[in-house]
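Morning, everyone. I'll take the ligand site today, then the backbone around it. Here is the model.

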Amino acid sequence: MKFYYFPPSPNTRKVHAVAIHLGLPLELRLVDLQQGEQRTPEFIQLNPTGRTPVLRDGEFVLWESTAIMQYLASQVANTLWPEAPQIRADIMRWQSWQLAHWHQVCQPLQYENFVKPLLQLGEPDLQVVQSATERFHAEAIALNQHLAERKFLVNDTLTLADFSVASDLTYAVPGRFPLEDYPHIRTWYSRIEQLPAWQQTAPRG
Ligand SMILES: N[C@@H](CCC(=O)N[C@@H](CS)C(=O)NCC(=O)O)C(=O)O
């Protein structure tokens with residue numbers, strides 16, 4: 001299977017980490033977003049939305065990170081994506097929440113506080129930071145409460161849900177995410193950070 005990826009991206013990381021965790025070999029194809037490679041005609045043929053990551057398995061092409069994670073986890077028996085319908089639905093719940101809500105509050109903080117200074121794109125927009133911070137707290141309270149008596153998000157075992165939700169914390173420190181009041185999120189994330197697959201997909205430099 002060919003994996004079109006951009007290693008610094010959290011969307012790439014959650015998929016790549018799942019493949020490594022499951023021992024699924026991927027042929028890696030770098031798509032350098034900083035060079036605009038996501039907009040080349042060849043790449044647009046693979047993903048008309050011009051985004052990474054993309055998986056190619058023979059003639060089958062799949063984009064959207066959550067769909068790719070589920071497809072990969074369907075290749076071998078494992079506990080990341082068990083077959084029990086209610087557990088799957090629970091995992092899907094957290095993956096949906098991550099895309100629709102968690103990512104939407106983490107991404108602006110990551111961009112304003114980390115990416116902009118890094119790429120010299122100007123000062124952080126304080127209104128964006130303030131609004132994202134308020135919305136971050138609303139989501140983090142719910143996540144923190146859920147994790148208060150659990151080691152992992154679903155079924156008390158590591159699942160795709162953990163990889164999805166953890167991906168947005170990749171830049172929590174340089175993005176200055178206000179995690180001080182959320183000890184259960186921090187403890188859970190440090191558990192994810194122990195995983196070899198998470199360590200191997202950590203952004204370099
Ligand atoms: N919902 C998509 C989001 C993918 C996405 O936004 N990828 C970013 C990298 S994090 C990208 O390729 N951006 C390129 C661009 O927007 O030009 C997924 O989960 O795969």
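Let's start with a contact. A nitrogen atom of the ligand lies 2.8 Å from an N or O atom in the side chain of Glu64. Keep in mind that this is a predicted model.

How much of the ligand's accessible area does the protein cover? On its own, the ligand has 510 Å² of accessible area, and the protein covers 72% of that.

Back to Glu64. This residue is in the loop between β4 (60-63) and α3 (65-73). Look at its backbone: Glu64 is not a glycine, yet its phi is positive, about 90 degrees. For context, most residues other than glycine have a negative phi, and most peptide bonds are trans.

That brings me to the next spot. Which peptide bond is cis? The one from Thr52 to Pro53, with omega near 0 degrees. Pro53 is placed in the loop between α2 (41-46) and β3 (54-57). Thr52 also contacts the ligand: one of its backbone N or O atoms is 2.8 Å from a ligand oxygen.

There is a further contact, from Gln38. An N or O atom of the Gln38 side chain is 2.9 Å from an oxygen atom of the ligand.

Now the whole shell. Around the ligand we find Ser9, Asn11, Leu33, Gln38, Gly50, Arg51, Thr52, Pro53, Glu64, Ser65 and Leu99. By class, that shell has 3 nonpolar, 6 polar and 2 charged residues.

Where does the ligand sit? In the largest pocket. That pocket holds about 1100 Å³ of space. It is lined by 39 residues, and Phe6, Pro8, Ser9, Pro10 and Leu33 are the closest to its centre. Ser9 and Leu33 belong to the ligand shell too.

What is the lining made of? The classes split into 18 nonpolar, 17 polar and 4 charged residues.

Which element gives the largest share of the lining? That is α4, with 8 residues. Both α1 (10-22) and α4 (85-118) supply at least two lining residues each.

To recap: the ligand is in the largest pocket. Its contacts include the Glu64 side chain, the Thr52 backbone and the Gln38 side chain. Glu64 has the positive phi, and Thr52 leads into the cis bond to Pro53. Thanks.

Definitions and conventions. Residues numbered from 1 in each chain as written. Predicted model: local features only at pLDDT ≥ 70, side-chain atom pairs only at ≥ 80, totals over all residues. Heavy atoms only, no water. Near = heavy atom within 4 Å. Polar contact = N/O pair within 3.5 Å; in protein donor to acceptor, adjacent residues only side chain to side chain. Areas by Shrake-Rupley, 256 points an atom, 1.4 Å probe, with all protein chains shown as cover. 1 Å grid on protein atoms, 1.4 Å probe; cavity = no way out; pocket = protein on both sides within 12 Å on 5 of 7 lines; lining within 4 Å. Sits in = over half its atoms within 2 Å of the grid points. Nonpolar A, V, L, I, M, F, W, Y, C, P; charged D, E, K, R; others polar. Points joined across faces, edges and corners; volume = space filled by probe spheres on them. Helix = DSSP H or I, 4+ residues; strand = E, 2+ residues; numbered from the N terminus.
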